[in-house]
Amino acid sequence: MSVWDDLVGQEAAVEQLRSAARAGAALLAGDRRAAAGMTHAWLFTGPPGAGRSAAARAFAAALQCREDPPGCGHCASCHQVLQGTHADVEVVRPAGLSYGVKETRELVLRAASSPSGGRWQIVLFEDAERATEAAANALLKAIEEPPPRTVWLLCAPSPDDLVVTIRSRCRLVTLRTPPAQAVADALVQRDGIEPDVALEAARAAQGDLERARRLAADPEARRRRGEVLSLPTRLTGVAPAVQAAAALVAAADADAKATAEELNEAEVAQLRRALGESEKGRMPRGTAGALKELEERQKSRATRIKRDSLDRALLDLASYYRDVLMLQLGAPVEPVNGDKAAELRAAAAESAPETTLRRLEAIMECRRRLDANVNPLLAVEAMTLSLRTG
């Protein structure tokens, strides 16, 4: 098993990164002629579920790998990078809705240090589009004049999500939505999922391997998605539309709360151990500040998780109307929600393609409003009312 195995359906990107990892190894060995494929800044782009972070992490592992070819997946360096414990690979996940200039400057200082393992100092910056304008300017200076052993791996949905001065200094890695069959095959081979269940989950996840794995293995995840897809049939009046909006937001809150609590418990336990918690649960003096700081970060992250959970629900809802539109236009494509074939055919017969397009636009407008920090309930209520009228 190599570090590239989770990049399902990304053959072109994998070949690009493999070549760059070989060039990086050549550069470290002093062969500058063979190192043309390596550079100090990379930008990983692709739609949700394409695996931007997974591709960046695999590349980081290959750069730190000492085997030939790099990226073996079984050496200590590969294992540490993939587990998130490598001393020379820092993974940055913006905890809140934005990433500020103070945090960026601190990150730049850490990135300038020499690698302890003698290979590369790597910063993997997930959701780099969340950096504020001031933070982006601070990041630009670091990318313009990087130390010789520092590599920046930035992840964003598209190149346009970053300022032009940053993206022009990065080598682009473009990922695509993996075919549903490729994702299903991976679930069958690696997780032992039944082929029909795997294919249905892969289609529902729209190429996102991790989400497909959750849908295939977790009945509660399937139930929550089913609730979202039942929304169009419940929009029979103004009151039901408002109630449906409240239910959708509440479901996203519950999903986010469960996710945040799981993360929070592990982080608090780890920090308490690191600070010297006694067997009786007592903490040393002077540690309250560190625990308070962690609590604040977790509150900020909870807001982000809630928004991400709601956005995921909106994308599921958009897939419903996408299937309706494909039926109305007679497009020869597979439906995302094949288990709702009869319902989708009925919905397609009851409206025109223009109405479906307006409904899709209402969902996209709701996503834009949420991105602009509009109150989630108000944004979703406006959407459900628009979906009702078409």
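This passage describes aromatic ring pairs and two buried charged residues in a predicted model.

Across the whole structure, a search for aromatic pairs returns 4 of them. One of these is formed by F44 and F59, whose ring centres are 6.4 Å apart and whose planes meet at 50°, so the pair is classed as tilted. Since F44 belongs to strand 1 (residues 41-45) and F59 to helix 2 (residues 52-64), this pair ties together parts of the chain that are 15 residues apart in sequence. Both partners are shielded from the surroundings in the sense used here: F44 has a relative accessibility of 0% and therefore counts as buried, the limit being under 20%, and F59, also at 0%, counts as buried by that limit. The rings of Y320 and Y321 form another pair, with centres 5.3 Å apart and planes at 80°, so that this pair is edge-to-face. Y320 counts as buried at 3% relative accessibility, and Y321 counts as buried at 5%. When ring pairs are followed from residue to residue, W42, F44 and F59 are found to be linked into a cluster.

The acidic residue D323 lies in helix 12, which spans residues 288-329. With a relative accessible area of 3%, D323 is buried, and its side chain reaches the backbone nitrogen of V336 at a distance of 3.0 Å. V336 also appears among the residues that D323 touches when those up to four places away in sequence are not counted, the others being P335, N337 and L344.

A second charged residue, R119, is placed in the loop between helix 4 (101-111) and strand 3 (121-125). R119 is buried yet takes part in no salt bridge, and the nearest side chain of opposite charge, that of D88, is 8.6 Å away. A salt bridge would require a side-chain nitrogen of Lys or Arg within 4 Å of a carboxyl oxygen of Asp or Glu. The side chain of R119 does, however, reach backbone oxygen atoms, namely that of L63 at 3.2 Å and that of Q64 at 3.3 Å. Once neighbours within four places in sequence are left aside, the contacts of R119 comprise A25, L28, L63, Q64, C65, R66 and R149, a list that includes L63 and Q64, the two residues whose backbone oxygens its side chain reaches.

Methods
Residues are numbered from 1 along each chain as its sequence is written. This is a predicted model: local features need pLDDT of at least 70, side-chain atom pairs count only at pLDDT 80 or more; totals for chains, interfaces and linings use all residues. Side-chain values use heavy atoms; hydrogens and water are left out. Helices (H or I, at least four residues) and strands (E, at least two) are DSSP runs, numbered from the N terminus. Buried means under 20% relative accessible area, exposed over 50%, partly exposed in between (1.4 Å probe, protein chains only). A polar contact is a pair of N or O atoms within 3.5 Å; within protein, one must be able to donate a hydrogen and the other to accept it, and residues adjacent in sequence count only if both atoms are side-chain atoms. Contact means heavy atoms within 4.5 Å. Rings of Phe, Tyr and Trp (its six-membered ring) pair if their centres lie within 6.5 Å; planes under 30 degrees apart count as stacked, over 60 as edge-to-face and the rest as tilted. Lys and Arg count as positive and Asp and Glu as negative; His and the chain ends are not counted.
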